[in-house]
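Colleague: I'd like a close look at one part of this model, the pairing inside its sheet and what packs around it. Could you walk me through it in one go?

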Amino acid sequence: MSAVLKTVGLSKHFGGHAAVSDVDLVVNRGDIHCLIGPNGAGKSTFFKLVVGTHEASSGTIEFLDTDVTRKRPYERVKQGMSIKMQTPSVFKELPVRQNIHIALQHHVRGADLANEEERLLELLDLAADATKPAGALAHGQQQWLEIGMAVALKPVLLLMDEPTAGLSPEETFKTGELIQRLNAEGMTVLVVEHDMAFIRQIAQRVTVLHFGKVFAEGSMAEVIADPGVAEIYLGKTHDH
Ligand code: ADP
Ligand code: MG
């Protein structure tokens, strides 16, 4: 098994507060890896360290055996990371197809571009809505379009922070199926989430963060069976 992403002793301090503290985490090639934990556990901060929008206070981040700790976000993207943003970045006034076209055009040309456009629209279940302005899509469909634009780059690692935020249970399940299809095509996925049904649906490996530290790690079954995890996370309800 080869590591796509590896953090060693990764930490981020805000003033005196350690939001992420000494995190060693490995994402193996081909996995759907979920990062879970209670609110304030440091999930989004860890995510931002990996994509490069936060600078690490200490520790290292290796991506495909290259140290990217001090690399700019766009350099990480060029090396094969792709990020599905939480805030919509689709062009709402443009048709769905045009959005996909724009995401593809930098690296695919001619007939390949048309084929890939079609393939993605089918994959995202957006073919029937291809001519609609993206802004006219339902919230869930906009999220799938976002995912489609992120995967148009053919990334090695797809990163998502709470891709199911604001989605209905049906839309959440469909998002899980989409992620599984992308993974079946060979994409490695790191997902930050707190929707347990969704995590059960997709996770192949789970890391639990608590107070910025790795609290538990393993398969979904192992993590669920850990009484400590149940106590800090699974047994408790928390606001979204
Ligand atoms: P999660 O995504 O797991 O809910 P976060 O990573 O957003 O957790 O936050 C972890 C901790 O770091 C929280 O205590 C939060 O208040 C703090 N934090 C996050 N971002 C900042 C920031 N930009 N400045 C100061 N504190 C922050
Ligand atoms: Mg968060």
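Modeller: E3 and strand E9 (residues 205-210) pair in the parallel sense over four bridges; strands here are DSSP runs of at least two residues, helices (H or I) runs of at least four, both numbered from the N terminus, and two strands count as paired if DSSP finds at least two bridges between them. This is a predicted model, where local features need pLDDT of at least 70, side-chain atom pairs count only at pLDDT 80 or more, and totals for chains, interfaces and linings use all residues. Residues are numbered from 1 along each chain as its sequence is written, chains are lettered from A and ligands numbered from 1 in the order in which they are written, and side-chain values use heavy atoms, with hydrogens and water left out.

Back to the pair. In E9, Arg205 is the bridge partner of His33, and Val208 is the bridge partner of Ile36. Five of the six residues of E9 are buried, so E9 is largely enclosed by the rest of the structure; buried means under 20% relative accessible area, exposed over 50%, and partly exposed in between, with a 1.4 Å probe and protein chains only.

E9 also pairs with E10, this time in the antiparallel sense over five bridges. His210 has Lys213 in E10 as its bridge partner. The two strands form a hairpin with two residues between them, and Phe211 in the turn has a positive phi of about 50 degrees.

Now zoom out to the whole sheet. It is open, with six strands in the order E6-E7-E8-E3-E9-E10 and mixed pairing. Strand E6 (81-84) and strand E10 (213-218) are the edges, each pairing on one side only. From one strand to the next, the twist averages 20 degrees.

Next, the helices on it. Helix H1 (residues 43-51) lies across E3, E6, E7, E8 and E9, at about 145 degrees to E7, while H6 lies across E3, E7 and E8, at about 135 degrees to E3. Those angles run from 0 to 180 degrees between N-to-C directions, using lines fitted to C-alpha atoms, for helices over the stretch in contact.

H6 (residues 169-184) has 16 residues and reaches 23 Å from its first C-alpha to its last, close to the 22 Å expected at 1.5 Å a residue; that expectation is 1.5 Å times one less than the number of residues. Among its buried residues are Thr175, Leu178, Ile179 and Leu182. Seen down the axis of H6, the buried residues fall within an arc of 160 degrees, so they line one face of the helix; the arc is that of the directions from the helix axis to the C-beta atoms. On the other side, Pro169, Glu170 and Ala184 are exposed. The buried residues pack against elements including strand E3 (32-36), helix H5 (139-151) and strand E8 (188-192), where contact means heavy atoms within 4.5 Å.

Finally, the core. The largest nonpolar core has 45 residues, and Leu182, Val206 and Val208 are among those with the most contacts inside it; such a core is a set of buried Ala, Val, Leu, Ile, Met, Phe, Trp, Tyr and Cys residues joined through side-chain atoms within 4.5 Å. Its largest share, six residues, comes from H5. Leaving aside neighbours within four places in sequence, Ile147 is in contact with residues including Leu158, Thr175, Leu178 and Leu182.
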